[in-house]
Amino acid sequence: MTTAKTSTETLAGTPTETSTETPAGTPAEIPTATEAAKMTVSPTAPKIVRAQIMHTPQQQLAEADLQYWSDGALAFDDKVLAVGSFAEVRRQYPTAAVIDARDSVLLPGLIDVHVHYPQVHMIGAMGMTLLTWLKTRTLPEEANMVSDTYARVAAGNFVNSLLANGTTTALVFGAHFATAQAILFDEALRQGLRVTSGLVLSDRNLRSELETTPEQAYAQSQQLIETYHDYARLRYAVSPRFSLSCSDAILDVSRSLMAEHPEVWLQTHINENHDEIAFVAELFPEAKDYLDTYERHDLLGNKSVFAHNIHVSDDELARLAESGSSVAHCPSSNMFIGSGIFDMNRHFDAGIPFALGSDVAGGTGFSLFKEALMSYQGQMLLPDGYPLTAAHLLYLVTRAGADLLAHDNIGDLQVGKQADFILVRPPSGSSLSHVLAHSPSAEASLSAIFTLAREDSIAATYIAGEQRFAAGSGLSPS
Ligand SMILES: [Zn+2]
């Protein structure tokens with residue numbers, strides 16, 4: 001097994017270039033955004049990035065309101081030092097180098113609370129609903145992760161894809177193989193991504209290669225927790241796949257791991273598809289509903305994240321809320337494999353925290369902009385849908401995810417938070433560039449970004465003040 005220590009050593013060789021910073025003084029000395037994309041940021045030297053800036057620092061979805069500066073600036077080292085108008089920030093940091101990104105919109109780093117690493121190579125498997133999709137395409141692909149060579153390629157492509165889409169933090173459903181899981185942690189460590197993830201546990205109803213035993217699940221999870229949890233930006237999540245593929249013994253192992261390591265997270269799936277729910281009811285005849293299959297093993301709580309939860313009873317909602325559990329809302333996946341539309345209003349009224357997950361590869365890609373658009377469209381279609389605004393969408397892909405994952409140092413651009421941010425710059429001549437050039441307001445611009453911006457509009461991704469992706473850098477060759 002590769003280890004965190006090994007990766008730390010290789011971190012010294014990260015492919016960032018030596019700084020060629022140009023100190024700011026006159027506009028002629030300010031590098032363009034393209035030049036800026038090549039610069040390495042020293043965490044100790046304050047810098048300013050000049051751009052249109054937007055964020056939603058409020059604490060609740062209902063309060064989400066856009067705070068923005070049309071000629072804004074963010075001063076940062078590894079943390080946000082100042083944010084405001086360019087004139088104000090420049091006065092505070094008169095000698096800091098300036099990255100001129102006036103052709104870009106600066107947003108907080110995006111946060112994906114449900115995405116599957118071993119499914120990176122199978123996005124777009126059409127024509128199936130959940131159980132057929134799993135059996136026909138997904139599980140055979142996940143079985144390929146038994147090969148360390150294949151897992152390394154998948155991990156590289158997965159982490160690169162997140163960064164290229166502006167995602168700086170993710171709760172990741174991992175692999176069924178301990179070595180493949182370690183490879184993901186090592187790759188995230190190497191590239192600086194904030195990742196919470198874990199070995200996926202199952203012992204029935206999958207392919208035999210993907211099934212483990214309670215003893216092996218416990219031993220391998222323990223080892224991974226000891227190696228990776230709370231190491232740099234990595235955290236561990238105990239990850240029983242779903243009750244359909246887990247016996248009581250595996251769910252009990254999950255309980256033991258959570259009891260022995262109360263600081264780690266738990267992630268699983270629930271109430272996604274009618275056939276899945278009926279199958280789980282057959283497997284657990286003594287359980288009163290799907291949630292009860294987890295509840296009876298003490299798997300609910302404020303570190304537990306349940307993906308989907310589309311077909312949920314009022315009683316389950318009340319118990320989820322009481323336990324402090326959260327839900328990952330994955331609209332593109334829910335539509336792509338025909339599972340249904342998330343009832344946001346009922347979750348909101350019940351007080352259950354939720355944020356957005358791309359759920360690649362039931363989901364249709366890594367872009368949380370598209371995910372937010374799908375959420376908006378779903379709510380528009382429901383008779384009683386939540387009336388989402390662009391500010392709500394920004395909140396759901398930034399601050400909501402930070403709060404759900406208890407990352408109190410990210411999610412918006414307030415002074416003192418980690419400098420996780422992205423630059424959105426539409427390709428020259430694209431329809432988004434035309435819309436932004438004629439936009440009447442910041443809200444209209446943000447709405448257009450959610451509607452039209454995708455991977456090709458992410459110019460740069462910064463984590464803790466370090467540039468981890470730049471458009472055109474060719475980081476994802478496989
Ligand atoms: Zn999932």
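Guide: Two strands are taken to pair if DSSP finds at least two bridges between them, and the structure to which this applies here is a predicted model.

Visitor: In β3, which residue is the bridge partner of Ala 75?

Guide: Strand β2, residues 67-76, and strand β3, residues 80-85, pair in the antiparallel sense over five bridges, and a hairpin of three residues joins the one to the other. Within this pairing, the residue of β3 that is bridged to Ala 75 is Ala 82.

Visitor: Which strands are the edge strands of the open sheet?

Guide: The open sheet has seven strands with mixed pairing, in the order β3-β2-β1-β4-β14-β15-β16. An edge strand here pairs on one side only, and this holds for β3 and for β16, residues 466-470. From one strand to the next the twist averages 35°. The edge strands are therefore, with pairing on one side only, β3 and β16.

Visitor: Which residue of β2 stands opposite Ile 53?

Guide: Strand β1, residues 47-55, runs antiparallel to β2, and eight bridges pair them. Across this pairing, the residue of β2 that stands opposite Ile 53 is Trp 69.

Visitor: Which residue of β16 is the bridge partner of Ala 460?

Guide: Four bridges join strand β14, residues 421-424, to β15 in the antiparallel sense, and in that pairing Ala 460 of β15 stands opposite Leu 423. Four bridges also join β15 to β16, again antiparallel, and these two strands form a hairpin with two residues between them, where Ala 464 in the turn has a positive phi of about 50°. In β16, the partner of Ala 460 is Ala 470.

Visitor: How many of the six residues of strand β15 are buried?

Guide: A residue is buried if 20 or more other C-beta atoms lie within 10 Å of its own. Strand β15, residues 458-463, is largely enclosed by the rest of the structure, because the number of its six residues that are buried is six.

Visitor: Which helix gives the most residues to the largest nonpolar core?

Guide: The largest nonpolar core has 146 residues, of which Leu 74, Leu 106 and Ala 372 touch the most other members. With eight residues, the helix that gives the most to this core is α5, residues 148-164. The core also draws at least three residues from each of domain 1 (15-109 + 412-470) and domain 2 (110-404). The helix asked for, with its eight residues, is α5.

Visitor: Which residues does Lys 370 touch, not counting those up to four places away in sequence?

Guide: Lys 370 is found in helix α14, residues 368-381, and it counts as buried because it has 22 C-beta neighbours inside 10 Å. Its C-alpha atom is separated by 8.0 Å from that of Leu 452, which is 82 residues apart along the chain. With residues up to four places away set aside, Lys 370 touches Ser 332, Thr 364, Gly 365 and Arg 454.

Visitor: Is His 308 buried or exposed?

Guide: His 308 is found in strand β11, residues 304-308, and has a positive phi of about 90° although it is not a glycine. With 27 C-beta neighbours inside 10 Å, His 308 counts as buried.

Visitor: Is Asp 230 buried or exposed?

Guide: Asp 230 also has a positive phi, near 65°, in a residue other than glycine, and its place is in the loop between α7 (214-228) and β9 (234-240). With 12 C-beta neighbours inside 10 Å, Asp 230 counts as exposed.

Visitor: What is the omega of the cis peptide bond that joins Val 360 and Ala 361?

Guide: Most peptide bonds are trans. Ala 361 is found in the loop between β13 (354-356) and α14, and the cis peptide bond that joins Val 360 to this residue has an omega of about 15°.

Visitor: Over which residues does pLDDT stay under 50?

Guide: The chain averages a pLDDT of 92, and 90% of the residues score at least 70. There is nevertheless a stretch for which the model has 67 contacts beyond four places in sequence while pLDDT stays under 50, and this stretch is residues 1-42.

How values were computed
Residues are numbered from 1 along each chain as its sequence is written. This is a predicted model: local features need pLDDT of at least 70, side-chain atom pairs count only at pLDDT 80 or more; totals for chains, interfaces and linings use all residues. Two residues are in contact if their C-beta atoms, placed from the backbone, lie within 7 Å. A nonpolar core is a set of buried Ala, Val, Leu, Ile, Met, Phe, Trp, Tyr and Cys residues joined through C-beta atoms within 7 Å. Domain bounds come from an automatic or database domain assignment. Axes are lines fitted to C-alpha atoms, for helices over the stretch in contact, and angles run from 0 to 180 degrees between N-to-C directions. pLDDT is the predictor's confidence in each residue, from 0 to 100.
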